[in-house]
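Take a moment with the sequence and the model below. Then follow the text from one part to the next.

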Amino acid sequence: MTKLRAAITAVQGYAPDFVLTNQLLEKMVDTTDEWIMTRTGIMERRILKGEGLATSDMAVEAVKGVLEKSRTRPDEVELLICATVTPDMVYPATANIISDKAGIKNAFSFDLNAACSGFIYALITGSQYIESGKFKKVLVVGADKMSSIVDYTDRQTCVLFGDGCGAVMLEPDTEGYGIMDSILQSDGSGRIHLHQKAGGSLKPASHQTVDNKEHYVYQEGQAVFKFAVTRMADTAHEVMVRNGMGPDDVAWLVPHQANLRIIDATGKRMGLPPEKVMVNIHRYGNTTNGTIPLCLWEWEPRLNKGDNLILAAFGGGFTWGAIYVKWAY
Ligand code: UT7
């Protein structure tokens, strides 16, 4: 018997049906499929359509899938953490709403905001409850309806984002599998480059904030790119090296999907061939908290027990980090 660790025992993703292609975007703003593909690697993204549908409605689909796969009854779940930047409402937490919609009645639940790094932050937070020995069933959700905060007249941002989510179940493991190591970091001075200007206590919603389009994603792309490309690559590399692994020991890099060029740079820094890097940005764009669990879900059939995975993300804050996971099934 080895150390008590938190192992991922099930994963489920969800992406809405409506497909917003680059060709459709060409009709909405002054852009081209060629520009989007060469600068970002994105071909299409999913959009949640329909009156009254929110982040929780996508998340609950992923949660139901995870409950089924892990043969867990809703009343057995003890904690649900939702990483999101597009909560259904400012309060209560979307995690509370997801729990209600999924029939999870014996758990406490809360949201966690670390922008695009939220899912890896939430995974480490959830793992601490398992490692404490007090919790046996922890759900971690990453979900965003980015279309609710994207300005579809701004070509600099509207081509980047999509809606989607995923969820994982964390359970105790004493056989050497699960979350092995992590590095998480933040630097709030980066907030000037990526934020939403209004709707918080600094600048509550008003006619003026709406007229000025201040409730949308604001991003200085080049500045964010510069930080993202070095921080994500360096941290992923550091987690690999400090655990005595080389490129041959890593089965998969699971990177946040913000830009194919950032993903490629991270894979290269780690010395990994492209075949070992999970990429689905061309189909979903940047779903913020949804990217990493969507990758795990799509690659789940190809994962083997004992595979070494490095999860890596970078996002607003700035926040960034990497996690070493030994796949448990
Ligand atoms: O997930 C959270 C973290 N976020 C990220 O990691 C995003 C990091 N940043 C990026 O991925 C890239 O900076 C972008 C994809 C956002 C932009 O790519 P870029 O290569 O940095 O382009 P740029 O912003 O420097 O823009 C180059 C040119 C500009 O025109 P001028 O000034 O050279 O004439 C833009 O106005 O491309 C123009 N442009 C566009 N043209 C066609 C910007 N957006 C578009 C567009 N279509 N959609």
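Is Arg71 buried or exposed? Arg71 is exposed, because its relative accessible area is 74% and exposed means over 50%. Keep in mind that this is a predicted model. Find Arg71 in the loop between helix 3 and strand 4. Its backbone has a feature to look for: phi is positive, about 50°, although Arg71 is not a glycine.

Now step back into helix 3, which Arg71 follows. Check its length against a simple rule. At 1.5 Å a residue, the 15 residues of helix 3 should span 21 Å. The end C-alpha atoms are 22 Å apart, which agrees. Helix 3 is mostly covered, with 11 of its 15 residues buried. Among the buried ones are Met58, Val60, Val63 and Leu67. What lies over them? The cover for the buried residues of helix 3 includes strand 1, strand 4, helix 4, strand 6 and strand 7.

One residue of helix 3 deserves a closer look. Asp57 is found in this helix, which runs over residues 55-69. Asp57 is itself buried. Its side chain makes a polar contact of 3.0 Å with the side chain of Lys101. Leaving out residues up to four places away in sequence, Asp57 touches Gly52 and Lys101.

Next, turn to the sheets. One is an open sheet of 5 strands in the order 1-7-6-4-5, and its pairing is mixed. Which strands stand at its edges? They are strand 1 (5-14) and strand 5 (108-112). Each has a single partner strand, so one side of each is left without a neighbour in the sheet. On average, neighbouring strands here are turned by 20° against each other, direction ignored. Look inside the sheet at strand 6 (residues 138-145) and strand 7 (residues 163-173). They pair in the antiparallel sense over 8 bridges. Within this sheet, Val140 stands opposite Val168 of strand 7.

Two helices meet this sheet. Helix 11 (residues 291-299) packs on it and touches strand 1, strand 6 and strand 7. The direction of helix 11 makes about 85° with that of strand 1. Helix 5 (residues 118-131) lies across strand 1, strand 4, strand 5, strand 6 and strand 7. It runs at about 165° to strand 6.

There is another open sheet to find. It has 4 strands in the order 8-13-12-11, again with mixed pairing. Strand 8 (178-186) and strand 11 (252-255) are the edge strands, and each pairs on one side only. Neighbouring strands of this sheet are turned by 15° against each other on average, direction ignored. Here too, helix 5 and helix 11 appear. Helix 5 lies across strand 8, strand 12 and strand 13, at about 130° to strand 8. Helix 11 lies across strand 11 and strand 12, at about 145° to strand 11.

Follow strand 12 (residues 308-315) to its partner. Strand 12 and strand 13 pair in the antiparallel sense over 8 bridges. Gly315 stands opposite Thr319 in strand 13. In the loop between these two strands sits Phe318. A cis peptide bond joins Gly317 and Phe318, with omega about 0°. Tyr91 and Pro92 are also joined by a cis peptide bond. Pro92 lies in the loop between strand 4 and helix 4.

What surrounds Thr319? Thr319 is buried, because its relative accessible area is 7% and buried means under 20%. A polar atom of its side chain lies 2.9 Å from the backbone oxygen of Ala114. The backbone oxygen of Gly316 is 3.1 Å from a polar atom of the Thr319 side chain. Beyond its neighbours up to four places away in sequence, Thr319 touches residues including Ser117, Tyr121, Gln185 and Phe314.

Move on to Ala115, in the loop between strand 5 and helix 5. Its phi is positive, near 50°, in a residue other than glycine. Ala115 counts as buried, at 15% relative accessibility.

Finish with the cysteines. How many disulfides does a search of the whole structure find? It finds 0. Cys158 helps to show why: its sulfur is 16 Å from the closest cysteine sulfur, in Cys116, too far for a bond. Cys158 is buried at 0% relative accessibility. Cys116 is buried as well, at 12%.

Technical notes. Residues are numbered from 1 along each chain as its sequence is written. This is a predicted model: local features need pLDDT of at least 70, side-chain atom pairs count only at pLDDT 80 or more; totals for chains, interfaces and linings use all residues. Side-chain values use heavy atoms; hydrogens and water are left out. A polar contact is a pair of N or O atoms within 3.5 Å; within protein, one must be able to donate a hydrogen and the other to accept it, and residues adjacent in sequence count only if both atoms are side-chain atoms. Contact means heavy atoms within 4.5 Å. Buried means under 20% relative accessible area, exposed over 50%, partly exposed in between (1.4 Å probe, protein chains only). Two strands pair if DSSP finds at least two bridges between them. Axes are lines fitted to C-alpha atoms, for helices over the stretch in contact, and angles run from 0 to 180 degrees between N-to-C directions. A disulfide is a pair of cysteine sulfur atoms within 2.5 Å. The expected span of a helix is 1.5 Å times one less than its number of residues.
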